[in-house]
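Work through the exercises below with the sequence and the 3D view at hand. Each task is followed by a solution in steps.

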Amino acid sequence: MGDLHESIPEGVVSLPVIDLSLDRDQVSRAILDAGKNIGFFQVINHGVTEQAMRDMEATCREFFALPAEDKAAFYSEDNKKTNRYFSGSTYQTGGNKYWMDCLRLGCSIPVGDSKNNWPDKPQNLREVIETFTVLTRDMGMELLRLLCDGMGLRTDYFDGNLGGADVIVTLNHYPACPDPSTMIGLPPHCDRNLLSLLLPSTVPGLQFSHNGQWIDVQPLPNAFIVNFGLPLEVVTNGMLKSIEHRVVTNTTMARTSVGTFITPTKDCLITPAEEFLGEENPPRYHAVNYGDFNRIHSIAKHGLSSVKTTDLKKIEESLSTQT
């Protein structure tokens, strides 16, 4: 592919496609443009091998096909647990469940002993996820460095605490749904992490919000879908946007995807970078450590999941009166 972006016909919205093997300066500008204009994009020639992707997809199928008793040991509804298997997703203020199963794992970098806390079935699950996670995380950090080059930040701006927590990997399974009109796979939300990297399913279901409409994502073979989380919107003082997205279900086909999430450390201060501030561009967001931000995001109903305010304390106080 010689073009950084696929052409978008008039009246149609599609995700920009960025080829990471092309000129670094051009790629940096393309990532920045995609972040400003849509907030989602796809990347190809990203360095995650086809073998690693196929192995990961096979492991997902095998895990979700295991007998219930083999998965029961990891089942938990405690969303504070790093490693857990659960069905549906529950907000503390709502209690609604969604039509999905998920295996969520925390991965230190290097992975080391953290993989000993993962399921040991199916065979080779730990080795497959370790290989996939290391390659995908490397790709994500390179995207952040390229983004820094495009924005004029020092290249390693996100290499410390902003991107330094354990990587979170989710294996997501959305079974065929008997009533898609009332059961959604995931509600509209913005991601709480810094950067999200999705190995998508060939089955449609992911949608993103654009100009008041829900747009279907059409993934390319062997591409990753990338979107920015709320902390990245805050750091750039609103230059980049964290875009709401959701997953819809259907009656005939199951859908499986893998999310890899680069996340700030718990004590990391999330605040606009000085490079984006000035007399005509004051801070638009209240500085908060990531642990507090994450907690507020977790207790918000999905309509409030886009915590984009200069006063997070007021939102927390408002929510506390509803519970």
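**Exercise 1.** Find what stands opposite Asn172.

*Solution.* This is a predicted model. Start with the strand pair: strand E5 covers residues 167-174 and strand E12 covers residues 255-262. The two run antiparallel and are joined by 7 bridges. Across this pairing, Asn172 faces Ser257 in E12.

**Exercise 2.** Decide whether Ser257 is buried or exposed, and list what it touches.

*Solution.* First, locate the residue: Ser257 belongs to strand E12. Next, take its relative accessible area, which is 3%. Buried means under 20%, so Ser257 counts as buried. Last, list its contacts, leaving out residues up to four places away in sequence: Ser257 touches Thr170, Leu171, Asn172, Tyr174, Leu198, Leu199, Pro200 and Ser201.

**Exercise 3.** Place E5 and E12 in the order of the sheet, and name the edge strands.

*Solution.* The sheet is open and has 8 strands, in the order E1-E2-E10-E7-E12-E5-E4-E3, with mixed pairing. The edge strands are E1 (17-19) and E3 (84-87), each of which pairs on one side only. From one strand to the next, the twist averages 25°. In the order, E12 stands between E7 and E5, and E5 stands between E12 and E4.

**Exercise 4.** State which strands helix H1 and helix H4 lie across.

*Solution.* Take helix H1 (residues 24-37): it lies across E1, E2 (40-44) and E10 (224-228), at about 160° to E1. Then take helix H4 (residues 125-151): it lies across E2, E4 (101-107), E5, E7 (195-199), E10 and E12, at about 130° to E7.

How values were computed:
Residues numbered from 1 in each chain as written. Predicted model: local features only at pLDDT ≥ 70, side-chain atom pairs only at ≥ 80, totals over all residues. Heavy atoms only, no water. Pairing = 2+ DSSP bridges. Helix = DSSP H or I, 4+ residues; strand = E, 2+ residues; numbered from the N terminus. Axes fitted to C-alpha atoms, helices over the stretch in contact; angles between N-to-C directions. Contact = heavy atoms within 4.5 Å. Buried < 20%, exposed > 50% of the residue type's maximum accessible area, 1.4 Å probe, protein only.
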